[in-house]
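Trainee: Could you take a close look at one part of this model with me? I would like to follow its charged side chains, and then whatever else helps to place them.

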Amino acid sequence: MGGEAAILNSNDGDILRKCWRLEQAGRISELCRVEEPLPAPGAGEVRVKGSFIPGLEYSGVVDALGPPDTTSSPFPSSTIKAGDPVYGFTRFGAYASHLNVPLTYVRPLPSSFSFAQGAAFVVQGLTAWHAMIELGNLKKGQTVLVHSAAGGVGCFALEICAKFQAFPIATIGSETKRAFLLSRFGLNEGQIVVREKEDRKFARQLKDAVRGKSGQNRVGERAQGSHEIQEKEDGGFDLILDALGGMYFKEGYKQLARGGRMITFGAADYLSQTDGPNWWKIIPRYLTRPRLDPGDMCAENRGVLGFNLIWLTDKVKDLNAELDDMLKVQTRLQ
C-alpha cells in the first residue's frame, strides 16, 4: 500500500497505481501486489490517493476530479475539491494506492481524525449504528448483549449504548481485554463476560450478568434511579449483536426477552486461525449450526435479523445520514 503514482499521460490524467489482488478467492497469503493503469476519474467521480487503505473503506487525499455528472442530482459532498482529505466506503477494490469512486461515496475527513481513524470508522461505525438503531430499534434502559465488545464494532456499540442510556453486557474472548473495557467505557466487572467455550457454562454466564443488572453502572455514568433498569419479568436481552454464530448464537437467542431482537452480521465462530479453511472444524460446526422454527419464534415473540453492509451501499444517502448520526456519539474513540 502507499507509494507515489507515476503519471502515464498528463493529458488524460491516467496513472499507474499499486494495488493488491487475488486471482480468485483464496488465502490472504496469496495476495499479490501489482501495478496497473487507472483511468482518469469519470463523470461524478473523484480519484483518492490513499495513505491508509483497508479493503472496503479508505481515507486519503483527493487527487483529481472528473467532470460533473449531469445524470444525477447534486449531493452535498460535491463541495469536495482536489487536495481535500477525505474518507469513505466502496464495494471492494480499496487495497490500492489510488482509486476512482463516485463523489457521493466520499466524505470530508473530520479535523479530529487521522487518516487511520477515518478509514477505521466507516464500516465498523456504520455496522454498529445500522444494527442497533435502524434494525434493533434500541430504546433507553434496554439490556443489550454486545459480543466481541473490545473490537471495532463492539466499541462503537458501547458508545451507542451510552448515548441511548442502554445497559450493555459485553463479551470478550480473553481476559486480557477486560482492563481495556473497564478503563475505556466505565463498565462494572459484572457487565464483562469472558466467554466460556462450553454451552452450559456460557449460558450461566449470561444469566448471571443479566441477574446482576440492577444498581450497576451504565456505560460511563451512574444509573439515574435503579428503578429504570430493574429486571423485566421475563428477564433476558432486548437486543443482541452477534457476529460469532454457532453456540454463542444459540445460547444468546434462548435468553432473548419477549419482543427481543437478535441482529446477526457474521459468523466468526466458523473461521479458521490458519491461512486456509480448517474443514475438520468447519464441517461439524456447519452441520450442527442453530436452526430456528418460525412458529416457535412467533409464539416466543422473538426476532432475528441479518444484514451485510456491502449490499446496503446502493442506499448511499441513507448510509451517509447514518454516518452523520454515528459521528455524534463516538466521542471517546478520537
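**Salt bridges and their setting**

Mentor: Lys328 counts as exposed, with a relative accessibility of 60% (exposed is over 50%, buried under 20% and partly exposed in between, with a 1.4 Å probe and protein chains only). Before going on, please keep in mind that this is a predicted model, where local features need pLDDT of at least 70, side-chain atom pairs count only at pLDDT 80 or more, and totals for chains, interfaces and linings use all residues. Residues are numbered from 1 along each chain as its sequence is written, and side-chain values use heavy atoms, without hydrogens and water.

Lys328 has a partner: its side chain meets that of Asp325 in a salt bridge, at 3.9 Å from N to O (a side-chain nitrogen of Lys or Arg within 4 Å of a carboxyl oxygen of Asp or Glu). Asp325 has a relative accessibility of 29% and so counts as partly exposed. Over the whole structure, the search finds 12 salt bridges. Side chains of opposite charge can pair when their charged atoms come close.

Asp208 is a good place to look next. Its side chain forms a salt bridge with Arg204, with N and O 3.7 Å apart. Arg211 also forms a salt bridge with Asp208, and there the closest N and O atoms are 3.0 Å apart. The helix numbering explains how these residues sit along the chain: helices (H or I, at least four residues) and strands (E, at least two) are DSSP runs, numbered from the N terminus. Asp208 and Arg204 both belong to helix 4, residues 199–211, and lie 4 residues apart, about one turn of the helix. Arg211 and Asp208 are in helix 4 as well, 3 residues apart, which is again about one turn. As for accessibility, Asp208 is partly exposed at 39%, Arg204 is partly exposed at 41%, and Arg211 is partly exposed at 48%.

Elsewhere, Glu175, Arg178 and Glu189 are linked in a network of salt bridges. Arg178 leads us to helix 3, which spans residues 178–185 and makes a right-handed β-α-β unit with strand 10 and strand 11 (right-handed if, with the strands pointing away from the viewer, the path from the first strand over the helix to the second runs clockwise). A right-handed β-α-β unit is also made by strand 9, helix 2 and strand 10.

Strand 10 is part of both units. Because 6 of the 6 residues of strand 10 (residues 167–172) are buried, this strand is largely enclosed by the rest of the structure. Phe167, Ile169 and Thr171 point one way from strand 10, while Pro168, Ala170 and Ile172 point the other way, and all are buried. Strand 9 (residues 143–146) runs parallel to strand 10, and 4 bridges join them (two strands pair if DSSP finds at least two bridges between them). Within that pairing, Leu145 has Ile169 as its bridge partner. Strand 11 (residues 192–194) also runs parallel to strand 10, with 3 bridges joining the two. There, Thr171 stands opposite Val193.

Helix 2 is largely enclosed too, because 10 of its 12 residues are buried. Among the buried residues of helix 2 are Glu159, Phe156, Leu158, Ile160, Cys155 and Cys161. Just after helix 2 comes Gln165, with a positive phi near 55 degrees.

On the cysteines, the count comes to 0 disulfides (a pair of cysteine sulfur atoms within 2.5 Å). Cys32 is partly exposed, with a relative accessible area of 42%, whereas Cys298 is exposed at 65%.

Finally, back to the part of the chain where we began. Leu319 is located in helix 8, residues 316–327, and counts as buried because its relative accessibility is 2%. Its C-alpha atom is separated by 9.8 Å from that of Trp129, although the two are 190 residues apart along the chain. Helix 1 runs over residues 115–135. After helix 1 comes Asn137, whose phi is positive, near 55 degrees.

Terms used:
Expected span 1.5 Å × (residues − 1).
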